[in-house]
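Thanks for coming. I will put the structure on the screen and then go through it chain by chain.

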Amino acid sequence: MLNRNTCPDFTPISPDELTGEEMTRPETTYFKDVWRNLKKRKTALASLFVLALLVVMVLAGPMMNEYNYYSNDYAAANQAPSALHWFGTDTLGRDLWTRVWVGGRVSLLIAILATVIPYAIGMLIGGISGYFGGKVDMFIMRLIDVLMGIPSLIYDILLIMVLGSGSIATLVIAFTITGWLGSARTTRGLVLQLKEREFVMASVTLGASPIRIILRHLLPNTLGIIVVGMTMTIPSVIFAEAFLSFIGLGITPPNPSWGQLIKEASEVFKQYPYRFIIPCIFVGLTMLCFNLLGDGLRDALDPRLRS
Amino acid sequence: MLRYVLKRVVIALLTVFVLATVTFFLSKLLPGDPFMNEKIPVSVQEKQRAYYGLDKPVIQQYFIYMGNLLRGDLGTSIKFVGRSVRDIIGEFFPVSAKLGLIALSFAEIIGLLFGILCAQYRNRWPDYVLMVFAILGIALPSMVVGPLIRYLFGVQLRWLPVGGWGKTWQQAIMPAFVLGLGTIAGNTRSMRACMLAVITQDYVKTARAKGMSPVRVVLKHELKNSLVPMLANLGPMIAGVLMGSFVVEQIFVIPGLGKHFVNAVSTLDYPLIMGLTIFYGAFLVVMNLLVDILYGWVDPRIRVK
Amino acid sequence: METSSHLLEVNDLAVSFFTYAGEVQAVRGISWYLNKNETIALVGESGCGKSVTIQTVMGLLQSPGRVTGGSVRFEERDMLGLSAKELRQLQGNRMTMIFQDPLSYLNPTMRVGEQIAESYRLHHKVSRSEAEARVLDMMHLISFPEPERNMYAYPHQLSGGMRQRIMVAMALICNPQVLFADEPTTALDVTIQAQIIELMNSLKEKLNTAIVLITHDLGVVANMAQRIYVMYAGKIVERGSAKDIFYRPKHPYTWGLLASVPRLDADQSRDFRYIPGTPPDLLNPPKGCPFAARCRYACRACVSSIPEEMAFDSEDHRASCWLYHPGAEALLAAAERERGMQR
């Protein structure tokens, strides 16, 4: 430890000279921290990669051969996968490679729109409810309590029948009407916690308008948890779309969607199993990846689970 | 506790009321006319409308409908001529309920068990294996798994009957498995999460400081506290199984209510759709109510809130 | 150094947490002992390693924490070498623990009576009714209001002070040799704090239990402990009898702690002080005295090397500070002048 022979230097030292020794740990921001945690989760990263690949294929896939998704070609009906038709053809001779990717476009578009729109609405309503509290909150929460009790998929069925089945817009509107409740409730809970925090107090005392506080201070701070929720919701929307297609309420033919393709193929499953299995693989893969990504994000955001 | 239950009951009643109202007015907006048929003379069509009370103003129809509802009358099917919706529910719901109950109970038990194993062996191989299974169970919807296993075990291997209901108990195996798969997977995941949340709680440290063995800590302290939030999942689980029955009954040709609902949708049998929607809705509301009451009973903290 | 007649003896204990960022040296070679029927206190700010120390002593240290050196002896046995099963026979029985926040440390879905009975039934082969009788005795002993009724209450139905009484009853039901109390009064109101301290003092007399008190609040220590260890950044910077620490403190950190205790008999605005700055990051502990960065009297020697412990008026009063090194007289004189002026 101390060498007795050399006399220690007892000259006083000013506090300024000492501060350099502190703060040796690298500083991390919230999002850097989340990203660092996410990077360590190989499954989540792989899922992100697969999803990116799927998006690229859904956009570029149909352009890779000369077929379109709607032209019937009875001469080429019911072909197995070949050099010409990479995924084979269906009963009407339509190229399944093209139909799978165009169908993926439809399914993913519905999934993303029918997640983001209801979440945005839910966040706004939840934010208002949590921020204002009192009677507004009371009313909105009781309304949500009541509406939550209604099974959403049954109402999607009714709504789609009313709106006229078959288009992307109908499905998205139906899912939006029934889908904002959960995110409203989550956001309200988060806002209730956040609004006690100093930075919100500070902007209240500085005279910021409620809408500004909600949009600029409260909602951005709920984003982490909301994004996780969205990632987990997307697969359930994909499921709902497939479910509705299965009971005959999805996208109307000849427009494909993954659910539609599964439904069509399930009727001729015995003869042409590949027609069923191919869209199933993509639905399964997409749901799997979103779930794994959501898990990874949630763990990365959860301070308790960080190592 | 009483206050808590009362509040829940009021919310449930309100929900059923909103449900019935929304269903009624939505059904009035439905396009298409079930009586529209060129082969039937217009005068007969008029008579049919009058028989179903569809010629009166909508508001009046609404009050008649709600009045009938209070007496438990859900109207009369159009396609099954002369059969009341109540009859149809009475005949086919027991089949769906039995299938649902089998699926739900085995899925709950297995899912909870898997979840506990995952949490206790977190980040070791049992956790990984079970989580892969759970994620697959969530990623593969019943319309995918159903036809696949039906083909494999029913058509190819001929181990199990491909469909039908009520003749042998083997007929229930595949549908119940397909129906329960999502629930097993969901339960495994949420039980794992609930238990992991409990494991980090301070009172688990207290229990360990008492010198309890790890197994005892799990059984006496962690289990009950992680089951409490799991109860809240029970409502959505029941709803999920119910929805699943639409698909599963279709695939395995089971004469349940779900199959009828899907058929009613495709044949535009409005009274049947309305009746079944309200029935399903009310059924889930009652289930959620029971779950809520159970929740308050198990977690002493809820009652005071 | 010490004879092994002590009930509990910790020698040169070092504990580290192995995190993603590297090894955090939470406890860096500390030694202390506890005699029968004695109350000692480990005092320091949060993060100074006092809680980690007693968790280690009780065998409750969890990964990523690991003992990296030293020994713990309890009644002549090497605690760090015990099997999990042997440890469990001591935990909750011979050595028990009270925690800071009684609400979060009690199981919310279990009746408090059952929670008190739990460790008794675990360590004694008794029937449910015998355990229940023992719980009632215990609740009477701590003068808990309406024990017959309240033993069936859930934690959330009791007040903070009552909950802490439950924790005390829980910890003492097996007549332990040592009771570790980790910030037992921090989460409580001031009036309740006094009650809990009094309760612990009186029970200690009745049950012959030695207490290791952990706190950042010297006010609590004054009423309980015979000897005090002041910890800073994983090290003991000063130790001595309560009188030594309160009347003849030697380490500038102890001065700071004492000055930050609010006093009713002094001018509030002048005498209530805090210590500026934050403790060092133990991921990269400074090579000199860890307190140097916050010390008003720091010199170059403080930054470059760690001072050795020296004994003062008695063998038991020791502190580690360069100010008392021959050669630093001028600095010490200046420091004492300044402290004298502050008084």
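I start with chain A, where residues 24 or more positions apart account for 68% of the contacts with a separation of 6 or more. What you see is a predicted model. Chain A has 11 helices and zero strands, so to speak a plain run of α elements from the N terminus on: α-α-α-α-α-α-α-α-α-α-α. Of the 307 residues in this chain A, 45% count as buried.

Chain B comes next. How many helices and strands does the secondary structure of chain B come to? The count is 12 helices and zero strands. Along the sequence, the pattern of chain B reads α-α-α-α-α-α-α-α-α-α-α-α. The C-alpha trace of chain B spans about 85 × 55 × 30 Å along its principal axes. Chain B has 305 residues, and buried residues make up 42% of them. If we take the contacts in chain B between residues at least 6 apart in sequence, 74% join residues at least 24 apart.

Now to where these two chains meet. The contact takes 33 residues from chain A and 35 residues from chain B. On the side of chain A that touches chain B, five helices each supply at least two residues: H5 (134-148), H6 (152-163), H9 (210-246), H10 (258-267) and H11 (273-301). Which of them gives the most? That is H11(A), with eight residues. By type, the residues on this side of chain A divide into 24 nonpolar, six polar and three charged.

The rest of the talk is about chain C, beginning with its sheets. One is an open sheet of four strands, in the order E2-E1-E4-E5, with antiparallel pairing. Strand E2 (22-34) and strand E5 (77-78) of chain C stand at the edges with a single partner strand each, so one side of each has no neighbour in the sheet. Further in, strand E1 (residues 8-19) and strand E4 (residues 65-74) of chain C pair in the antiparallel sense over eight bridges. To find that pairing on the screen, look for Leu8(C), which stands opposite Phe74(C) in E4(C). Helix H1 (residues 50-58) of chain C packs on this sheet and touches E1, E2 and E4 of chain C. The direction of H1 makes about 110° with that of E1(C).

The other sheet I want to show in chain C is open too, with eight strands in the order E6-E7-E8-E3-E9-E10-E12-E11 and mixed pairing. Which strands stand at the edges here? They are strand E6 (95-98) and strand E11 (309-311) of chain C; each has a single partner strand, so one side of each is left without a neighbour in the sheet. On average, and with direction ignored, neighbouring strands of this sheet are turned by 20° against each other.

At the E6 edge, E6(C) pairs with strand E7 (residues 178-182) of chain C in the parallel sense, over four bridges. Met95(C) stands opposite Val178(C) in E7(C). Helix H6(C) lies across E6 and E7 of chain C and runs at about 175° to E6(C).

H6(C) also has a helix partner. Two packed helices are described by the angle between their axes and the distance between the axes. Helix H6 (residues 160-172) and helix H7 (residues 190-207) of chain C pack at an angle of about 20°, and their axes are 10 Å apart. That angle makes H6(C) roughly parallel to H7(C). The crossing of H6(C) and H7(C) is right-handed. From H6(C), the residues in this contact are Gly160(C), Gly161(C), Gln164(C), Arg165(C), Val168(C) and Leu172(C). From H7(C), they are Ile192(C), Gln195(C), Ile196(C), Leu199(C), Met200(C), Leu203(C) and Leu207(C). The residues of this contact of H6(C) with H7(C) divide into eight nonpolar, four polar and one charged.

One last helix. Is helix H3 (residues 112-123) of chain C mostly covered or mostly open? H3(C) is mostly covered, with 10 of its 12 residues buried. Among the buried residues are Val112(C), Ile116(C), Ala117(C) and Leu122(C), and also Glu118(C) and His123(C). The buried residues of H3(C) pack against helix H4 (128-141) and H6 of chain C. H6(C) has therefore come up in three places: across E6 and E7 of chain C, against H7(C) and against the buried residues of H3(C).

That is where I stop.

How values were computed:
Residues are numbered from 1 along each chain as its sequence is written. Chains are lettered from A and ligands numbered from 1 in the order in which they are written. This is a predicted model: local features need pLDDT of at least 70, side-chain atom pairs count only at pLDDT 80 or more; totals for chains, interfaces and linings use all residues. Axes are lines fitted to C-alpha atoms, for helices over the stretch in contact, and angles run from 0 to 180 degrees between N-to-C directions. Angles under 35 degrees count as roughly parallel, over 145 as roughly antiparallel, 65 to 115 as roughly perpendicular and the rest as oblique. A crossing is left-handed if the near helix is turned anticlockwise from the far one by less than a right angle, and right-handed if clockwise. Two residues are in contact if their C-beta atoms, placed from the backbone, lie within 7 Å. Ala, Val, Leu, Ile, Met, Phe, Trp, Tyr, Cys and Pro count as nonpolar, Asp, Glu, Lys and Arg as charged, and the others, Gly among them, as polar. A residue is buried if 20 or more other C-beta atoms lie within 10 Å of its own, exposed if 12 or fewer, and partly exposed in between; C-beta atoms are placed from the backbone. Two strands pair if DSSP finds at least two bridges between them.
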